[in-house]
Amino acid sequence: MESACGVLSLSRLPSLACKDFHARKRDFLQTPKGLLFVTRRAIEVTMNVLEVDDLKVKVENRMILNGVSFELKSGESHILFGPNGSGKTTLINAIIGLPLYKVLSGKIVFMGTDITAKSVEERAKMGIAVGFQNPPEITGVKLADLLKLCLGKTPNEDFSEAEKSLIEAFKLTDFLNRDINVGFSGGERKRSEILQLLFLKPKLLLLDEPDSGVDVESLKLIANQIQHYLENSGSSALIITHQGEILNYVNAKYGCVLLDGKIHCFSNPKHIYENIKKEGYEGCIKCEEKTLERW
Amino acid sequence: MTNKGELTSIPHKILEEAFKAGVSSEKERAGTFFHIDQATIYSKVNEVFKGKIELMDIKDALEKYSWLSEYMWRAVPKDQDVFTRKVAENFSGGYFMRILPNTEITFPLQACLMITQKNLEQRVHNIIIAEEESKANIITSCLQHSTVENAAHLGISEIYIKKGASLNFTMVHQWREETTVKPRSATVIEDKGTFVSNYICLKPVRDVQMYPVAYCNGENSKVSFNSILYGHKNSLLDIGSKAILNGKGSKAEMISRAVTREGSKIIVRGLIEGNAPECKGHLECKGLIIDDESFIQSIPELVARKKGVEITHEAAVGKISEKEIEYLMTRRLSRDQAVSLIIRGFMDVRIMGLPESLNAELSRIIEIAAGT
């Protein structure tokens, strides 16, 4: 990325970039290649894939998100930590626009377009895709048909050789003629979810615990495939996890903690994970915030 | 009598409609039978299956075999109702199918009963005899030509499954919005005989009312009734199935999938009566209601008269799960596409327990019917 950027003068950058320049001052202080780094960051900030601004979300009369703000840049992945019930799934479901998740205020901007009022279908067609934690069973609809829909194929079209190999790599060949998720184990559901996402080729992947209930071997496969896709496509991902293992495969730039309906700390995800293990979520936040204040 | 010309001699427009209701090229069928309006116009056994099956108009068959009259009105009582009495008074024909003993018919037999005249009351009487240890599949398509509005179809079908025989009988109905349909069917199953009755109704119809019955008289005899019902455009479908388990160890299974929309009413009835020891039955009804103008009712009845009878049922009617629709929408489907995919999946032919080749064929019929 750095070598491809060349040198740009700061004066040519849009105002958003300049605002962000000050906000991320610490990035520039940390590097000896000051000017070059400024240029790279400046270009990146013009390419926000997702901006969530002061988002407040209610689910069935219960306030779950109480002013969540963050942004995700093109080609970057973030890890979202947080205790059970903290609203991580709500955040993802609000970003994709599921009607149960009512946005009371704030906005969601995807690739420069405000999508807060758009339907699920519109958001999906714009390039957002979700790998659900608990996808539904749909009787009578075969996995093969859904995968073909994800690929934009009709049910009568065949999979290409490359697609067949990927299905095989995901150990789902024997599941093609089975009804979606009916009788699938937790790990099989996750493999099916991730494979659908890879076939959809989204610009933004929202992954809700892609690693829960997945065996070690499958986790390695899933995580490596996600990383491979992100690297090759330049897409971004927001990943919810309770486990550290996935961090060994997916190259995530930042991690953050969702607690009390708000996002806390943006820093190294491995560091956050270790901190959570040691101090718990609340302890982790206090400690991280102190560390960040020093910058 | 039997062979009345070639299939190609049937007017193209009639054949075209018949194909939409599941009729196939006669090369892919063990035998083909066409009864249009008041006359049997075609009846032919595929060369490959000659000597294994008999297929002809019932009136020709009654002339040919004196013993056949004993099978007439044996399973269905002549005075069951006003409709049976009408057919007993006067009928235009119908098919006689007989699968000879110890033969296995790999291709399905097909029969097409069609109405092309306005205000016609078609009255037919069909008899199927599956002789001992025989095995066959039958697909019957009952339809009305798309240019004809008002009509009625009264059909009597009596089916006899002899010892160890196995018969899959699939009926596809494609009527019109102004048609009244009253089939009256009954099946008698002997020892170790198996009868599978599949019913598919996808096109709008004014009123279909039927309650076919199977008498599992033989020891270890089995019956399955499966139905896929799609009620739309103010259709009224009152569809039942009844299994009377008289034989020791006999079994019944009933599975139905019903979808109702656009002011349609569907009533799904099911009765399993266990009259002998060790008989078992299970009834499953699932229904989807798409809008507030429609109606669905499931009426399961279980009767036991002997110790050791085991009969169960499960029924669920309701709307399509929003979670499923939204899930598919995250895969870039519109709401309408998602609903249609779920409905098609719900009306899954695999509930019918047919061979894979027939499953593929019925899926094709459903696709064509759903698309027209």
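A residue is buried if 20 or more other C-beta atoms lie within 10 Å of its own, exposed if 12 or fewer, and partly exposed in between, with C-beta atoms placed from the backbone. Keep that rule handy for the exercises below.

The model is predicted: local features need pLDDT of at least 70, side-chain atom pairs count only at pLDDT 80 or more, and totals for chains, interfaces and linings use all residues. Residues are numbered from 1 along each chain as its sequence is written, while chains are lettered from A and ligands numbered from 1 in the order in which they are written.

**Exercise 1. Decide whether B:Met210 is buried or exposed, and describe its surroundings.**

Step 1: Find the residue. B:Met210 lies in β12 of chain B, a strand of residues 207-210. Strands (E, at least two residues) and helices (H or I, at least four) are DSSP runs, numbered from the N terminus.

Step 2: Apply the rule. B:Met210 is buried because it has 21 C-beta neighbours inside 10 Å.

Step 3: List its contacts. Two residues are in contact if their C-beta atoms, placed from the backbone, lie within 7 Å. Not counting residues up to four places away in sequence, B:Met210 touches B:Lys182, B:Pro183 and B:Ile239.

Step 4: Compare sequence with space. B:Ser185 is 25 residues from B:Met210 in sequence, and their C-alpha atoms are 8.1 Å apart.

**Exercise 2. Work out which strand gives the most to the side of domain 1 of chain B that touches domain 2 of chain B.**

Step 1: Set the bounds. Chain B has domain 1 (7-319) and domain 2 (320-372), with bounds from an automatic or database domain assignment.

Step 2: Look at the contact between them. Here 21 residues of domain 1 of chain B meet 16 residues of domain 2 of chain B.

Step 3: Name the contributors. On the domain 1 side, β9 (166-174), β11 (194-201), β14 (222-231) and β16 (251-260) of chain B give two or more residues. The answer is β14(B), with four residues.

Step 4: Sort by class. This side of domain 1 of chain B has 10 nonpolar, seven polar and four charged residues. Ala, Val, Leu, Ile, Met, Phe, Trp, Tyr, Cys and Pro count as nonpolar, Asp, Glu, Lys and Arg as charged, and the others, Gly among them, as polar.

**Exercise 3. Trace the six-strand open sheet of chain A, from edge to edge.**

Step 1: Write the order. The sheet runs β6-β9-β10-β3-β11-β12 (chain A), with mixed pairing. Two strands pair if DSSP finds at least two bridges between them.

Step 2: Mark the edges. β6 and β12 (262-267) of chain A each pair on one side only.

Step 3: Zoom in on one pair. β3 (residues 77-81) and β11 (residues 254-259) of chain A run parallel and are joined by four bridges. A:Phe81 stands opposite A:Val257 in β11(A).

Step 4: Add the helix. α9(A) lies across β6 and β9 (204-208) of chain A, at about 170° to β6(A). Axes are lines fitted to C-alpha atoms, for helices over the stretch in contact, and angles run from 0 to 180 degrees between N-to-C directions.

**Exercise 4. Find how many residues of each chain take part in the contact between chain A and chain B.**

Step 1: Count both sides. 19 residues of chain A touch 17 residues of chain B.

Step 2: Name the elements. Among those supplying at least two residues on the chain A side are α6 (120-126) and α9 (186-200).

Step 3: Sort by class. The chain A side has 14 nonpolar, three polar and two charged residues.
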